[in-house]
Amino acid sequence: MADTQQADTQQVDAKAERQVNRLAKQIGSFSKAHGGAEGQIAYIGERGARIVLVGEDGGWGDLVARSYEIARQAVTKAGITLHEDFDGEFAAKVTTGRYEWSRMAGIQVGGPRNG
C-alpha cells in the first residue's frame, strides 16, 4: 500500500510541476508582451488561486492555478514582482477601456446588461 501512495504522490507532484512550468511560461509571455509585469495572488477557495497580472503598459490579465502554492511558485519562476494586495500604486497601473467599463459597471452606467 505504501508503494501505491508513493506513486500517487509522485503523480501529483509531477502534475503540479507541469502546471507551475506552464503558468510561468504564460506569465513570462505576458510580461514580454507588455514591457514587464507585476502580479498579485488571491486565494479563490476550492478552485485554487488567481494570479492577477498588470503590465508596464497598463494591460492586465489573470490566470488560475489549482493552489496558492502552485501560483506562488509560478510567479517566482517567472521572476516578476509580487504584491501582497491589489491596491494603491499597483492597482492604479491598470488601464481600462470602454469594454471593461461596460462589462464591470453594466447597468449602473448604461452599459449592456450582464445577464
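This report covers the fold, the nonpolar core and the salt bridges of a predicted model.

## Overall layout

The chain has four helices and four strands. Read from the N terminus, the elements follow the order α-β-β-β-α-β-α-α. The first helix, α1, spans residues 2-33. Strand β1 covers residues 37-43, strand β2 covers residues 49-55, and strand β3 covers residues 60-65. Helix α2 takes in residues 68-78. Helices α3 and α4 cover residues 88-92 and 98-105.

The chain has 115 residues, and 31% of them count as buried. About 7900 Å² is exposed, with 51% of that area supplied by carbon and sulfur atoms. Among contacts with a separation of 6 or more, 53% join residues 24 or more positions apart.

## The nonpolar core

The largest nonpolar core has 17 residues. Four of them touch the most other members: L23, I27, I51 and L53. Helix α1 gives the largest share, five residues. The elements that contribute two or more residues are α1, β1, β2, β3 and α2.

I27 shows how these parts meet. Setting aside residues up to four places away in sequence, I27 touches I51, L53, L63, A74, V75, A78 and I80.

S29 also belongs to helix α1. S29 has 45% relative accessibility, so it counts as partly exposed. The C-alpha atoms of S29 and A78 are 9.4 Å apart, although the two residues are separated by 49 positions along the chain.

## Salt bridges

Side chains of opposite charge can pair when their charged atoms come close. The structure holds three such salt bridges.

One joins E38 to K93, with 2.3 Å from N to O. E38 sits in strand β1 and K93 in the loop between α3 and α4, so this salt bridge ties together parts that are 55 residues apart in sequence. E38 is buried, because its relative accessibility is 8% and the cut-off is under 20%. K93, at 33%, is partly exposed.

Another pairs D62 with R50, whose closest N and O atoms are 2.6 Å apart. This pair links strand β3, which holds D62, to strand β2, which holds R50. The two residues are 12 apart in sequence. Both ends are partly exposed: D62 has a relative accessible area of 37%, and R50 has a relative accessibility of 31%.

R72 and E69 form a salt bridge as well, at 2.4 Å from N to O. Here both partners lie in helix α2. They are three residues apart, about one turn of the helix. R72 is partly exposed at 32%, and E69 is partly exposed at 38%.

## A polar residue under cover

Q40 lies in strand β1. Is Q40 buried or exposed? Its relative accessibility is 10%, so Q40 counts as buried.

Which residues is Q40 in contact with, leaving aside its neighbours within four places in sequence? The list includes R50, I51 and V52. It also holds L82, H83, E84, D85 and F86, along with F90. Two of these residues appear above: R50 is the salt-bridge partner of D62, and I51 is one of the core residues that touch the most other members.

Terms used:
Residues numbered from 1 in each chain as written. Predicted model: local features only at pLDDT ≥ 70, side-chain atom pairs only at ≥ 80, totals over all residues. Heavy atoms only, no water. Salt bridge = Lys/Arg side-chain N within 4 Å of Asp/Glu carboxyl O. Buried < 20%, exposed > 50% of the residue type's maximum accessible area, 1.4 Å probe, protein only. Contact = heavy atoms within 4.5 Å. Core = buried A, V, L, I, M, F, W, Y, C linked by side-chain atoms within 4.5 Å. Areas by Shrake-Rupley, 256 points an atom, 1.4 Å probe, with all protein chains shown as cover.
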